[in-house]
Amino acid sequence: MRRLAVRMVTLLALAAAATPAAAQSLEEAAPPAGFFAEHRARFVEAMEGGLAVFPAQPVIPRNDDAEYPHRQDSDFWYLTGFREPGAVAVIRADAPEGERYVLFVRPRDPEQEVWTGLRAGVAGAREEFGADLAWPIDSLEAVLPRWLEETDRVWYDASEDHPWAHPGLEAILAEWEEAGVARELRDADEITSGLRLVKSPAELDHLRKAVEITGDAHRAAIAAIEPGMYEYEVEALIEYVFRVRGSPRVGFESIVGSGPNATILHYVENDRRMEAGDVVVMDIGAEWNLYTADITRTVPVDGVFSPEQEAIYRIVLDAQKAGIGAVRPGATLADVHRRAVEVVTGGLIGIGLLSGTVEENVASGAYRRFFMHGTSHWLGLDVHDVGGYAVGEGEARRPRALEPGMVFSVEPGIYVAEGTEGVDPKWWNIGVRIEDDVVVTEHGAENLSEAVPREVEEIEALMQGLGVPDPVPEPAVEPAPAR
């Protein structure tokens, strides 16, 4: 018990030391004026007429007495900034000015608010969230059908995995379709995925903050890791730093995989006791105003890479640098992946895990035995953010060209699982992934997470310089952004 108590004091001290900047106040954290209005204006322009319906993310019951934590639907928040469940936004492109943006929300209810928190209500929807018109959510079934009759085109979320947030919406749509009303139904994702793909300067500010917080968590974790710790202790330290820096939640489940778990791409159990000789993969991301970072670092549990671990690590790092070097306007994510694959393949040949030429191994796909995933994915309000990776149809289909403001990960990896046939056991259980968040600029790329240690020498120095500040500082905590 004493050892555990000492360790927890150590971890908290490291976390505090790694968070020099306090969380921002609510006013500082809020998106700038006009942030959501600009998004709505761009959406209306792209609609070319019609009406769009966006439901808020519903509350999901966990059991009879509890619910899963609520996190707003990304498209709904992108257009409204409204974080409560039980709401529907309607955007009417053809309506008169001052009647185009409508929110249906839960009314104020002092008795319920005692239990579940304050609501914006109808007045708040107008005054705080800029709605032109606002009604209680129970008015939806009376109001929306009239508007549907007045339009020829309806935009809505057509994805199969997105339930309607309000039962009345589903009933209205089913009744409308059953009656054979001649209306054009369009998937709103046709518009929102394109709008969200290129980030504005304000959106990039939110991502930079998420990256900054995530980087602080990585530094605290790297400095604290030692043999005998459990993966969940590292996870706890990481998410403590997230919260003390003002991030309200993780952008995705934290991955802390050591030893054999380092070779499992989406390992989230985080319950193994780490041992000397292991590497540990930490794939983590904090949210800030719903925008998430996604940064991965791989470090040796005992503070020094073994020769085999270092050999693989340097191949992955070289591949990542080559991939980032391929980023520029007009290039594609396929180009980024191609460069990473070439470097990984050449490195695997160099250490004897593959034989033949780079060209032969790339053509045959032999490298996929050790590098089986893509190098990049879009990043933004979701960790695998919206936006197609290709454009065009049929024979004209081609990879999407990169544009300034697009944000994505660059994350090559090499994974050698225990028992891999034909591979010397000295390479077993080495999994290495290095991931950074990159934004396309006018002339190339900016690595948003470049300050997070990734060079072998930086990592080993940070791990070997472990020390507990005396006295243990108290972290400065201010209100986190509203959920």
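Which residues does Phe35 touch, not counting residues up to four places away in sequence?

1. **Phe35.** The model is predicted. In it, Phe35 touches Trp77, Ser200, Ala202, Glu203, His206 and Tyr291, with residues up to four places away in sequence not counted. Phe35 sits in helix 3, which covers residues 35-47. Its relative accessible area is 4%, so Phe35 is buried, the cut-off being under 20%. Leu79 lies 44 residues from Phe35 along the chain. The C-alpha atoms of Phe35 and Leu79 are 8.8 Å apart.

2. **The protein overall.** The protein has 483 residues, and 52% of them are buried. Its secondary structure comprises 15 helices and 18 strands. Take the contacts between residues at least 6 apart in sequence: 72% of these join residues at least 24 apart. The exposed area is about 21600 Å², with 51% supplied by carbon and sulfur atoms.

3. **Ser254.** Is this loop residue buried or exposed? Ser254 has 2% relative accessibility and therefore counts as buried. Its loop runs between helix 11 (231-244) and strand 7 (255-258). Leaving aside residues up to four places away in sequence, Ser254 touches Glu235, Glu239, Tyr267, Val268, Asn270, Asp283 and Ile284.

4. **Helix 12, span.** Helix 12 takes in residues 307-325, 19 residues in total. From first C-alpha to last, helix 12 reaches 27 Å. That is close to the 27 Å expected at 1.5 Å a residue.

5. **Helix 12, buried positions.** The buried residues in helix 12 are Gln309, Ile312, Tyr313, Ile315, Val316, Leu317, Ala319, Gln320, Ala322, Gly323 and Ile324. One general point helps in reading such a list. An α-helix has 3.6 residues a turn, so residues three or four places apart point the same way. Among the buried residues of helix 12 are Ile312, Val316 and Ala319.

6. **Helix 12 against helix 15.** How do the two helices cross? The axes of helix 12 and helix 15 (residues 456-464) come within 11 Å and cross at roughly 130 degrees. The crossing angle therefore makes helix 12 oblique to helix 15. Helix 12 contributes Glu310, Tyr313 and Arg314 to the contact, and helix 15 contributes Val456, Glu457 and Ile459. By class, the residues of this contact are three nonpolar, three charged and no polar. Tyr313 thus appears twice in this note: Tyr313 is buried, and Tyr313 is one of the helix 12 residues that meet helix 15.

How values were computed
Residues numbered from 1 in each chain as written. Predicted model: local features only at pLDDT ≥ 70, side-chain atom pairs only at ≥ 80, totals over all residues. Heavy atoms only, no water. Helix = DSSP H or I, 4+ residues; strand = E, 2+ residues; numbered from the N terminus. Expected span 1.5 Å × (residues − 1). Buried < 20%, exposed > 50% of the residue type's maximum accessible area, 1.4 Å probe, protein only. Contact = heavy atoms within 4.5 Å. Areas by Shrake-Rupley, 256 points an atom, 1.4 Å probe, with all protein chains shown as cover. Axes fitted to C-alpha atoms, helices over the stretch in contact; angles between N-to-C directions. Parallel < 35°, antiparallel > 145°, perpendicular 65-115°, else oblique. Nonpolar A, V, L, I, M, F, W, Y, C, P; charged D, E, K, R; others polar.
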